[in-house]
Amino acid sequence: MKKFYILLAAATMLSAAATAQVSIVSAEPEAGEQIAFNDGIKQGDVNSDEFSSEAQRKAERAAIRKERNTLEFNASLNGSLSNFNSKWQSVNGNTNSLTGIASVLFTHQYNKGMFTLNNKATGKLGYTNSSKEWVKSQDEWFVSTAPAYKIADKWNFGADLSLRSQFANGFDGDLNRTSKFFAPAYFNVSVGFTYVCPDPKFPIKISMSPISMNAVYVMSDEVRYGFMDRAFGAGTTVSSLKDKAEWFKPYCYGLTLENGRQRYEGGSSIQIDFDRTFDNKGIFRYRTTLYSFYGWINEAVQQSSDHKDYYEHIAPTVRWEHTIDIKATKYFSTQFYFQMYYNKAQINSLQTQILLGVGLAYTFKNK
């Protein structure tokens, strides 16, 4: 009887297990029934910021800035030394001298589509020591900005703003003060068209501005009064010259007593720029700028005034600068600078200066 109960219990367990495992699922849909599947996969753009790192985005922005911006910085220190002992000086009469000239050049060009912005800043300051006295030999700073919009394959339309002055005080041979910071200073504004040569071997730009403005500032009374004393005599008062011919004659960097501290001229201008580096290593570089301005608007106004016989006819102002850089090594260079300048309002003669220096130089370019 005990064996019977054991067999009955085993049969009951097998029957329950079989019943639990058996199920029938219809694999075929009924007529007209549609089977729908639920898609739980999230859709998204693999290039979105959610999947890119901050470092990648910074690198992309830096690449865009580098593509749009071209930077150059150049700094140089040139000098010369001549020294003779007392015996040499007693025979030949030579004088010991030491000259040092520091110069910097910064250029920036921004391009985006049809728009271009060119910025430039230069500075030169030099002194010469002779007979135990330091004398300024070179002093000038210049900044300019030129926004332009491309209107044709080789032509741009835009403006050019520039400001030029000096850093330190200047004296003539009689130790009379002839210049200070912003005395004089020259501010030019022009609007017109620029031709840009597409050939990289001849990178010339010609800017023609039918409408231009040229301003001269002498903001130091000490400089102005010094020039007035030398031009009209010591102790001369402004009121004593009013309505006389001297009232309308230039006496200080183109200023007249009528002008006061600043003078503005309207007219037209033209500027030609050329800047090319020869050789793949940049050993030889030549830069030149020719700028000319003619104040025909002021000339017409003066000739229609009641005092036209007192005014001097306005002549074109011309400034032509040449710079040659020769790099012997990465940090050693030679620079030659030559300038011709004509401004009848200052002096009715051609002014020239020549500078030849050998020394250290450093250049940075981002491209």
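## A pair of charges within one helix

Glu-54 and Arg-57 are three residues apart in helix H2, which covers residues 54–68, so about one helical turn separates them. In this model, which is predicted, the side chains of Glu-54 and Arg-57 form a salt bridge, with 2.4 Å from N to O. Glu-54 also takes part in a salt bridge with Arg-61, where the distance from N to O is 3.7 Å. As for how open these positions are, Glu-54 is partly exposed, with a relative accessible area of 39%, and Arg-61 is likewise partly exposed, at 40% relative accessibility.

In general, side chains of opposite charge can pair when their charged atoms come close. Under the rule used here, the count of salt bridges comes to 13.

## The chain as a whole

The chain contains six helices and 14 strands. Of its 367 residues, 30% count as buried. When contacts with a separation of 6 or more are considered, 58% of them are between residues that stand 24 or more positions apart in the chain.

## A buried network of charges

A salt bridge also joins the side chains of Arg-164 and Glu-140, at 3.2 Å from N to O. This pair links distant parts of the chain, since Arg-164 belongs to strand S5 (residues 155–165) and Glu-140 to strand S4 (residues 133–150), and the two are 24 residues apart. Both Arg-164 and Glu-140 are buried. Through salt bridges that share partners, Glu-140, Arg-164, Arg-319 and Glu-321 are joined into one network.

One member of that network, Glu-321, lies in strand S12, which spans residues 317–327. Glu-321 has a relative accessible area of 15%, so it counts as buried, the cut-off for this being under 20%. Leaving out residues up to four places away in sequence, Glu-321 touches Glu-140, Arg-164, Arg-287, Thr-288, Thr-289, Tyr-337, Phe-338 and Gln-339. The C-alpha atoms of Glu-321 and Leu-290 are separated by 6.6 Å, although these residues are 31 residues apart along the chain.

## Another residue of strand S12

Thr-317 is also found in strand S12, and with a relative accessible area of 15% it is buried. Which residues does Thr-317 contact, leaving aside its neighbours within four places in sequence? They are Tyr-291, Ser-292, Phe-293, Tyr-341, Tyr-342 and Asn-343. For Asn-343, which is 26 residues from Thr-317 along the chain, the C-alpha atoms of the two residues are separated by 4.9 Å.

## The second largest pocket

The second largest pocket holds about 1,100 Å³ of space, and 37 residues line it. Among the lining residues, Gln-166, Thr-178, Ser-179, Tyr-253 and Gln-351 lie nearest the centre of the pocket. Several elements give two or more residues to this lining, including S4, S5, strand S7 (177–179), helix H4 (221–232) and strand S14 (347–365). The largest share, eight residues, comes from S4. By type, the lining divides into 17 nonpolar, 13 polar and seven charged residues.

## Helix H4

Helix H4 has 12 residues, which at 1.5 Å a residue should span 16 Å, and its end C-alpha atoms are indeed 16 Å apart, so the expected and modelled spans agree. The buried residues of H4 are Val-223, Arg-224, Gly-226, Phe-227 and Met-228, and what covers them includes S7 and helix H5 (238–241). After H4 comes Gly-233, whose phi is positive, near 105°.

## Details of the backbone in the loops

In the loop between S7 and S8 lies Pro-184, and the peptide bond that leads from Ala-183 to Pro-184 is cis, with omega near 5°.

The loop between H5 and strand S10 (262–278) contains Asp-243, and Tyr-253 is found in the loop between H5 and S10 as well. Asp-243 has a positive phi of about 65° although it is not a glycine, and Tyr-253, also not a glycine, has a positive phi of about 50°. Are these two residues buried or exposed? Asp-243 counts as exposed, at 52% relative accessibility, whereas Tyr-253 counts as buried, at 18%.

Conventions:
Residues are numbered from 1 along each chain as its sequence is written. This is a predicted model: local features need pLDDT of at least 70, side-chain atom pairs count only at pLDDT 80 or more; totals for chains, interfaces and linings use all residues. Side-chain values use heavy atoms; hydrogens and water are left out. A salt bridge is a side-chain nitrogen of Lys or Arg within 4 Å of a carboxyl oxygen of Asp or Glu. Helices (H or I, at least four residues) and strands (E, at least two) are DSSP runs, numbered from the N terminus. Buried means under 20% relative accessible area, exposed over 50%, partly exposed in between (1.4 Å probe, protein chains only). On a 1 Å grid over the protein atoms alone, a cavity is a set of points where a 1.4 Å probe fits but cannot get out, and a pocket is an open set with protein on both sides within 12 Å along at least five of seven lines; lining residues have an atom within 4 Å of a point. Grid points are joined across faces, edges and corners, and a volume is the space filled by probe spheres set on the points. Ala, Val, Leu, Ile, Met, Phe, Trp, Tyr, Cys and Pro count as nonpolar, Asp, Glu, Lys and Arg as charged, and the others, Gly among them, as polar. Contact means heavy atoms within 4.5 Å. The expected span of a helix is 1.5 Å times one less than its number of residues.
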